[in-house]
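Student: I have a structure in front of me and would like to learn how to read its features one at a time. Where should we begin?

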Amino acid sequence: MIIYANEPRLHYELEAITRMFLPERRVIFSQDPPEEKEEAVLVETRYPGDRCCFRVELRLEGNTAFLEGESAADAAESELGVCRLLYQLLCRRTGRSIQWGILTGIRPVKLVRKMRQDGLSEEEIMTRLTRDYLVSSSKARLCLETDRIQEPVIASALPHGYSLYLSIPFCPSRCSYCSFVSHSIEKTWKLIPEYLEKLEEELRRTAEIAMEKGMVLQSVYMGGGTPTVLTAPQLDRLLGRVGEWFDLSQCQEFTVEAGRPDTIDQEKLEVLRRRGTDRISINTQSLNDHILETVGRKHTVADFLRAYKSAKEFDFTAINVDLIAGLTGETPDSFRESLDRVMALEPENITVHSLTVKRAAELREEKALHLKDPSPVAEMVDYSQQALARGGWLPYYMYRQKSTVDSLENVGFARPGTLCRYNIFIMDETHTILSVGGGGVTKLVLPEDGGIHRIFNYKYPYEYLSRFDQVLARKEEILTYPL
């Protein structure tokens, strides 16, 4: 599929909308109009007076259709107008619709917050989302509710506050749907001791920099990968270093992704709780053994139930359970059963992910299975949001990812008073995050304009180890920014 626009600024949004409807197509940009027989999206704009007139043409599978429109000669308004026309053409041609309309950003709640800060009422925001962005009423309401719940947490961010992220990019095995930068310890376990040694070194220097800058630690999050692939002594030492080197006096939460039930035991849970961890995740993804086996999970439903029961004995403030809508072999009925069984356990947090298929993952070809309307994955997601609302869980953070089936969203739900601050901070991007470890991305929020400076660590453990001097050198950049 060729995309041609006489204004190249339109390319990104045109590509994003095209991919939502035609994820199996390879999309390329052209500086010249394509040949007549080539599949393409063609956009031409012109500016008579104070208006922008545009024509959008879709050539797909031997058929050609076009629509024309106009808007004020404003870059944002003309872009919205062009995108709406392309969306309408794709809806007609494919027989599908997208619940998020032409909204392609990964953080839709930020758009709602911006509208609210600009003085729009909730009714005006709903109108703007549904009329201008073609978002469904249910998704627009979800955005508004999530924004309301996030507001007090965002307001609690201190002027010099920050969160600390520790990356443990190792897993007991690699799931077929995985898109994270992580390695199976079946192949890389020998790297773990050296990795932890370097991680401690980076952690110590980060603590020194934070102290020198007068920064205040508000939350800690250890993720991956699966941090609990580490042994109990390794966890004990690493978490002990955090308590030793960082001032935790104003830290409001300490989260560790226990993640895979097959990595959890009594000794590790005792270490986590003793070292100050008050939030953990135990992520089963499905309560269906044959689905777990199909996607490469090395645990059973019984393993999850055992791990969950053990964790409840340690009185964590919150336990999160993840589920994925759209796994291989999952049906709306089997997903409903999994969700209902998880809700019956009454975890404080439940996160529902829509299946995201990355190019490198083994399941990419399965996206085509969901290109139907109504979508079974959308049915699963809709059920989860309705059932969790009835059960008293509130949506507190949300994000979207590229290559997600049906362009759907991931939503974290929480009982009142148990939401994860870090998840809100990382999505809102108005709070500095200092990250250590392979794949970690430090985000410095600059006070003068709210801009973000990112410092990237090398992704893969072997890169992180072999280029560690550069990792430390990059950390010194923090000292050069006003925070």
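Tutor: Begin with burial: a residue is called buried when its relative accessible area is under 20%, exposed when over 50%, and partly exposed in between. Keep in mind that this is a predicted model.

Student: Which residues of helix H8 are buried?

Tutor: In H8 the buried residues are Ala232, Leu235, Asp236, Leu238, Leu239, Gly240, Arg241, Val242 and Trp245. As a general point, an α-helix has 3.6 residues a turn, so residues three or four places apart point the same way.

Student: What do the buried residues of H8 pack against?

Tutor: Their partners are strand S6 (161-168), helix H7 (192-212), strand S9 (216-224), strand S10 (253-259) and H9.

Student: How many residues does H8 have, and how far does the helix reach?

Tutor: H8 covers residues 232-245, which is 14 residues. From first C-alpha to last, H8 reaches 20 Å, close to the 20 Å expected at 1.5 Å a residue.

Student: Next, salt bridges. How many does a search of the whole structure find?

Tutor: The general idea is that side chains of opposite charge can pair when their charged atoms come close. Here the search finds 39 salt bridges. One of them joins the side chains of Glu68 and Arg55, at 3.8 Å from N to O. That pair links distant parts of the chain, with Glu68 in strand S5 (residues 63-72) and Arg55 in strand S4 (residues 51-60), 13 residues apart.

Student: Is Glu68 buried or exposed?

Tutor: Glu68 counts as exposed because its relative accessibility is 57%. Arg55 has a relative accessible area of 28%, so Arg55 is partly exposed.

Student: Where do Arg274 and Glu270 lie?

Tutor: Both are in helix H9 (residues 266-274), 4 residues apart, about one turn of the helix. Their side chains form a salt bridge at 2.9 Å, N to O. Arg274 is partly exposed at 46% relative accessible area, and Glu270 is partly exposed at 32%.

Student: Which other salt bridges can I look up?

Tutor: Find Lys114 and Asp118, whose side chains meet at 2.8 Å, N to O. Lys114 is partly exposed, with 45% relative accessibility. Salt bridges can also join into a network, as they do for Glu24, Arg25, Glu39, Glu61 and Arg93.

Student: Now empty space. How many cavities of 30 Å³ or more are there?

Tutor: In general, rolling a probe the size of a water molecule over the atoms shows where empty space is left. In this model the count is 1 cavity of 30 Å³ or more. The largest cavity holds about 60 Å³ of space.

Student: Which residues line the largest cavity?

Tutor: The lining consists of Arg107, Val109, Lys110, Arg113, Gln150, Met398, Met427 and Asp428. By type, the lining residues divide into 3 nonpolar, 1 polar and 4 charged. Helix H3 (108-117) and helix H14 (421-428) each supply at least two of them. H3 gives the most, with 3 residues.

Student: Last, how do I read a single residue? Which residues does Thr146 touch?

Tutor: Locate the residue first: Thr146 lies in helix H5 (residues 137-155). Thr146 is buried because its relative accessible area is 0%. Not counting residues up to four places away in sequence, Thr146 touches Val109, Pro395, Tyr396, Tyr397 and Met398. Two names there are familiar, since Val109 and Met398 also belong to the lining of the largest cavity.

Technical notes. Residues are numbered from 1 along each chain as its sequence is written. This is a predicted model: local features need pLDDT of at least 70, side-chain atom pairs count only at pLDDT 80 or more; totals for chains, interfaces and linings use all residues. Side-chain values use heavy atoms; hydrogens and water are left out. A salt bridge is a side-chain nitrogen of Lys or Arg within 4 Å of a carboxyl oxygen of Asp or Glu. Helices (H or I, at least four residues) and strands (E, at least two) are DSSP runs, numbered from the N terminus. Buried means under 20% relative accessible area, exposed over 50%, partly exposed in between (1.4 Å probe, protein chains only). The expected span of a helix is 1.5 Å times one less than its number of residues. Contact means heavy atoms within 4.5 Å. On a 1 Å grid over the protein atoms alone, a cavity is a set of points where a 1.4 Å probe fits but cannot get out, and a pocket is an open set with protein on both sides within 12 Å along at least five of seven lines; lining residues have an atom within 4 Å of a point. Grid points are joined across faces, edges and corners, and a volume is the space filled by probe spheres set on the points. Ala, Val, Leu, Ile, Met, Phe, Trp, Tyr, Cys and Pro count as nonpolar, Asp, Glu, Lys and Arg as charged, and the others, Gly among them, as polar.
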